Structures are given as C-alpha cells and as structure tokens.
Amino acid sequence: MKTAFRHMAPGLVAWAALFMPGAATAQDRPAPLPVEDLTVETMPEQAGAHHFWVNDVSFTRMLDGRAYLVDGDTGRFEGMVSAGYGHGFLLIPDSADRFYIPETYYSRGTRGERTDVLTEYSFTDLAPVDETVLPPRVFSGLPFIGNYALLDGDRHAAIYNFTPGQSVSIVDVAAGEMVREVDIPGCAMIFPSGPKRFHSLCGDGAFMTVTLKGDDLTAELEHHDPFFDPDSSARLFEKAVRVDDTWLFSTYDSHIHPVDMASGTPEPGQRWSLLTDSERDAGWRIGGIQPLAVSTAVGRLYALMHKGGPNTHKNPGTHVWVYDLHSREKVATIALSPMATSMAVSNDADPVLATALFGMPEVHVYDAVSGDMVRKIEHIGDTISYLQAARP
C-alpha cells in the first residue's frame, strides 16, 4: 500500500484515506439516527364538512390513478388511495363511513388479463376491506358524474360499461355481489332516481329508463321520446348535477335544462339561460371538465364560465358564476386565479368551493359565499380531473 500511495496526488491520498479501515475515529463519525417507530393514523368515522377528494386520472402514469383526501379548512393532506388504471372518482354513501371505487387492473401492468373490481374502502384507515369482481369492461376515460353511481338508498351500485357496446353492471354492495349486467344500446351514463331506477342519456336526444324489478333485479327498459336535438347548440352536456329528484343539465349554448326524474318517466322542464343577452353577445359560455356544482344547503348553483367561441366547451373557466336555485338569477361572480377545469362545493351552511386546473398540481379553496380565496393546497396530484366533497 505504501508503494501505491507514493505515486498518488496528495488530494487523492486524503480521499482514499476516508475509505481505509479505521481511517475515521469514533469522534469523527456522526451519531446514529434515532430508530423511527412506524405508526398508523386513523381518520374520524366520517369526513369533515370541508374535506374534499381530489381525483387524479394520472395521465403520466395511467396505471396508478389516485384519490387524495384534503382538508379545505386547514389545507392538510390527510391520505391517499391508489385505485388502478384510469381512476375516476369515489362512490360515497350518505353515511360517509366507507366508499367504493370501480377499478381496473392488468396482470402484466400495461397488458395481460384485465380484471375490473368494485372495491369497498373503510374511511377510517382508507384501506380496502372487500371487492366485487365486475365484467371487464368498465368505461375508461375522463370521469364524468354519470360514469357510475350509487342508487338511492346506497344498496346498489350501477357502473357504466363501454366496449363500445353499452351496458350497466349492477352490484349489491351490501352483499358484495355482482347481480346482473343490463344492456342499454345507444344510451350512456347513469342518473339515479330511486333505489332501483336510473336513467341513461341516448344519442337521439331521449332518455332511457331502467327499472330493476324483484329480488333478482330483472331490468325493465323504456325508451322515451327525444326532447332535444343532439346536433344543435341546445344539446345537453352529460355533466349534470342533482337537486332532490331533479337533474340539472347544462347545454352547449349555456342554458340550464332541468329534468324531473321523480317518476319512471323523465319530465324535461323549462330551460333557462345562464346568460343575459349582453353577456351572450360578449362571448361568455359554460365549459370545463366539471362545469357545474351545487350546494342545496344554501340553494346555490355554481357554473364555470369563460369567454370563447362555439367549440370552446372544454376550455377552463376564468370565473365561477353563482345562481340562486329558486329565482334563477345570478347573485355573485367569483374571479378565479388560476383558471379551473373542475370544481366542487361543500353542502353545509358555510360552504367552501374547491377548484383545480387539469395539469396543475394544486387545489384552490374559496369561500363559496363571499368568493374570497382562503388557501392554496400545493404539490398534490398530477392531472386532477374530478373534485368531490367527501360528505355528500
């Protein structure tokens, strides 16, 4: 070793000495790090009024879609669920002590045998507790509210399939059993209106009603008359929100078209405009991935609005316009910074509004009454696609 070091530069000798046995004395070594005890925290039995789920379709890592739970009051990140390929959103029962997610997996990651499941999670620890195997054809794409739903009463889940054949899988979540698959040719999405009934929107501008009969949930289908022209600017977005037994659909020309679904026959109501004539002339219109939100607790409807041409219905909103559900008048305008493609509002007496822009990893929280931004939650998600209040 002496011969070898004789020809080394002094700096290299010093460097090599660091790796010689016994080169550093005990007093030179850093103190060992303390042993860290791993712990598991639990959530309360139910989410808080201002908890939100931030759903991430994860375009840069589609196999690992995620849902992040955040507290809108504190901005605190509470936990995460990893929910497989092309994650959509959560199905949350009224009790909010658990939730369900339709999930897709492939045996070799990006290929191989496909398995679709409806997984039940406990809210207290965000851990899976049960799963029901589904037909391997759950719709994959950007999540819309009609992709799947819990029917009224939270006993049955309905999951939309697209292959491009169109059908709905019916799951008894209480029993953890797949009950049946219902074909809905030419129609799409799920809009519940009872414990055993839902409606789908059809390509001809009509609704199809599916009523599930008896213990075996035999499906009875009824196709109704068209009530809008699917090729006109008055056609409906499928991104509706529900107020009691009425679903509020927005149209491409920025009207709200209510549909009363209390009975087995959907009853389209009188549509009303989100815009005055001058606002329409100025180029304002509705748009985004999640263009509507509603808080029935305060009787307000929220709409993502932007200025643009006829084909800008997917553009982010620069403002949220707030409407009184009863008078149908605009009562407030919330300027957004930054713009947003998705939003959700809490359903309590002091609601907060959460917004996100697709591709920007942050969520902004506003006072839903005053319009003031109260906080920004940064470094969350990848491609946030859908927001939802953690308590229905």
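User: In this predicted model, does Phe162 count as buried, partly exposed or exposed, and at what relative accessibility?

Analyst: The label depends on relative accessible area, where under 20% is buried and over 50% is exposed. Phe162 has 39% relative accessibility, so it counts as partly exposed. Phe139, by contrast, counts as buried because its relative accessibility is 19%, and Tyr160 is likewise buried, with a relative accessible area of 3%.

User: How should I read an aromatic pair, and what are the distance and angle for Phe139 and Phe162?

Analyst: An aromatic pair is read from the distance between the ring centres and the angle between the ring planes, with angles over 60 degrees counted as edge-to-face. A search of the whole structure finds 19 such pairs. In one of them, Phe139 and Phe162 are 6.2 Å apart, centre to centre, with 75° between the planes, and the pair is edge-to-face. Phe139 belongs to the loop between β6 (128–134) and β7 (148–150), while Phe162 belongs to strand β8, so this pair ties together parts that are 23 residues apart in sequence. Phe162 also pairs with Tyr160, and there the centres are 6.5 Å apart and the planes lie at 40°, so that pair is tilted.

User: Which residues have the most contacts inside the largest nonpolar core?

Analyst: A nonpolar core is a set of buried residues of certain kinds, joined through their side-chain atoms. The largest one here has 31 residues, and those with the most contacts inside it are Ile170, Ile184, Phe191 and Phe249. Among the elements that give two or more residues to this core are β8 (156–162), β9 (166–172) and β16 (246–250), but β11 gives the most, with five residues. A second, separate core has 19 residues, including Leu274, Leu292, Leu301 and Tyr323.

User: Which residues is Phe249 in contact with, leaving aside its neighbours within four places in sequence?

Analyst: Its contacts beyond those neighbours include Phe191, Phe207, Leu236, His255 and Met261. Phe249 also belongs to one aromatic cluster, which it forms with Phe191, Phe207, Phe227, Phe228 and Trp247.

User: Where does the charged end of Arg235 sit?

Analyst: Here one looks for the charged end of a Lys or Arg placed over a ring, judged by its distance from the ring centre and its angle to the ring normal. The charged end of Arg235 sits over the ring of Tyr252, 3.9 Å from its centre, and that of Lys330 sits over the ring of Trp321, 3.6 Å from its centre.

Methods:
Residues are numbered from 1 along each chain as its sequence is written. This is a predicted model: local features need pLDDT of at least 70, side-chain atom pairs count only at pLDDT 80 or more; totals for chains, interfaces and linings use all residues. Side-chain values use heavy atoms; hydrogens and water are left out. A nonpolar core is a set of buried Ala, Val, Leu, Ile, Met, Phe, Trp, Tyr and Cys residues joined through side-chain atoms within 4.5 Å. Buried means under 20% relative accessible area, exposed over 50%, partly exposed in between (1.4 Å probe, protein chains only). Helices (H or I, at least four residues) and strands (E, at least two) are DSSP runs, numbered from the N terminus. Contact means heavy atoms within 4.5 Å. Rings of Phe, Tyr and Trp (its six-membered ring) pair if their centres lie within 6.5 Å; planes under 30 degrees apart count as stacked, over 60 as edge-to-face and the rest as tilted. A charge sits over a ring if NZ of Lys or CZ of Arg is within 6 Å of the ring centre and within 35 degrees of the ring normal.
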